[in-house]
Amino acid sequence: MDETQARKNLYDVCRLAYARGYICGTEGNFSIRLGDDLLIATAAGTCKGRVEPDQFVVTDMAGQRIESKNYSHWQPSTELAMHLTVYQARPDVRAVAHAHPTVAVGFTVAGVPLTKCVLPEVVCSLGVIPTAPYATPSTSEVSAGIEQLIKQYDAVMLDHHGALTCGADLWQAFHKMETVEHYAQTMLVAHMLGGVKPLYSSQVKTLLSVRSIYGFNNPLPEEFLTGSECSLPDPESAN
Ligand SMILES: [Zn+2]
């Protein structure tokens, strides 16, 4: 992607994520892959709600900043290693978003998993949202925790920390972040109203068989999603 366009997309998504309350202060980080050995990412210590297009940093795929006389005073996000791990595990991914959406993160704080198949659109787009084990932010522990999960899921929760999403472009990654928080809000309401009733296993199976019609082609672990941890047993098989 053209660097000027990437800066515009980062600018738009950063400001929207801040306006939505997915991040506060200088939290959150976003990146776009510019080419085989180049990416552009948010800079460390910047408020994404007041960010400007010249505040993003170009690095190689090892996270080393590419010298630029125009943007030389910005350093890449301290959480860039997590983005690099995603790009390494998923050659199809061209953008990564990391934020701290309050309701979804609240589920990890409460120890309540987001792995129930409840909403058809979420089953088709994300499957479920697994949670990576707790890791100290900005350390290699985070990368180790997400490495396997991100191979199968486009959205992963980081325990007691935040959410990580990826996509073919930054808007896709951002929309998945929206889906994560929207799904968590719906789950919260269901919990308040007496409990979550997941979809039946056969309903999930049907959704997985038609999801490619809606443009979702990333592999999902069908056996897990239709199993008892995520779905309800079909009425006939429950007898
Ligand atoms: Zn974070």
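Author: Before we start: two strands count as paired here if DSSP finds at least two bridges between them. Also, keep in mind that this is a predicted model.

Reader: Okay, so which residue in E2 does Ser 31 stand opposite?
Author: Start with the strands: E1 and E2 run antiparallel and are joined by four bridges. They make a hairpin, with two residues between them. Across from Ser 31, the E2 residue is Ala 41.

Reader: And on to E3: which residue there is the bridge partner of Ile 40?
Author: E2, residues 38–42, pairs with E3 in the antiparallel sense over four bridges. Leu 39 stands opposite Thr 59 of E3. For Ile 40, the bridge partner in E3 is Val 58.

Reader: Which strands stand at the edges of the sheet?
Author: The open sheet has seven strands with mixed pairing, in the order E3-E2-E1-E4-E7-E6-E5. An edge strand here has a single partner strand, so one side of it is left without a neighbour in the sheet. That description fits E3 (56–59) and E5 (131–132).

Reader: How many of the residues of E2 are buried?
Author: For burial, the cut-off is 20 or more other C-beta atoms within 10 Å of a residue's own. Across the 239 residues of the protein chain, 41% pass as buried. E2 is mostly covered, and of its five residues the buried ones number four.

Reader: What lies across E1, E2, E4 and E7?
Author: Two helices are worth a look here. H1 (residues 3–19) lies across E1, E2, E3 and E4, running at about 165° to E1. The one you're asking about covers residues 80–89 and runs at about 140° to E4. It's helix H2.

Reader: Is H3 oblique or roughly parallel to H7?
Author: The axes of H3 (residues 102–110) and H7 (residues 170–192) come within 7 Å and cross at roughly 60°. The contact involves Val 103, Ala 104 and Phe 107 on the H3 side, with Val 180, Glu 181, Ala 184, Gln 185 and Leu 188 on the H7 side. Roughly parallel would take an angle under 35 degrees. The crossing angle therefore makes H3, relative to H7, oblique.

Reader: Last one: what is the radius of gyration of the protein chain?
Author: The C-alpha trace spans about 70 × 35 × 30 Å along its principal axes. For 239 residues, a compact globule would come out near 18 Å. The protein chain agrees with that, at 18 Å.

Technical notes: Residues are numbered from 1 along each chain as its sequence is written. This is a predicted model: local features need pLDDT of at least 70, side-chain atom pairs count only at pLDDT 80 or more; totals for chains, interfaces and linings use all residues. The radius of gyration is taken over C-alpha atoms; the globule rule is 2.2 Å times the number of residues to the power 0.38. A residue is buried if 20 or more other C-beta atoms lie within 10 Å of its own, exposed if 12 or fewer, and partly exposed in between; C-beta atoms are placed from the backbone. Two residues are in contact if their C-beta atoms, placed from the backbone, lie within 7 Å. Axes are lines fitted to C-alpha atoms, for helices over the stretch in contact, and angles run from 0 to 180 degrees between N-to-C directions. Angles under 35 degrees count as roughly parallel, over 145 as roughly antiparallel, 65 to 115 as roughly perpendicular and the rest as oblique.
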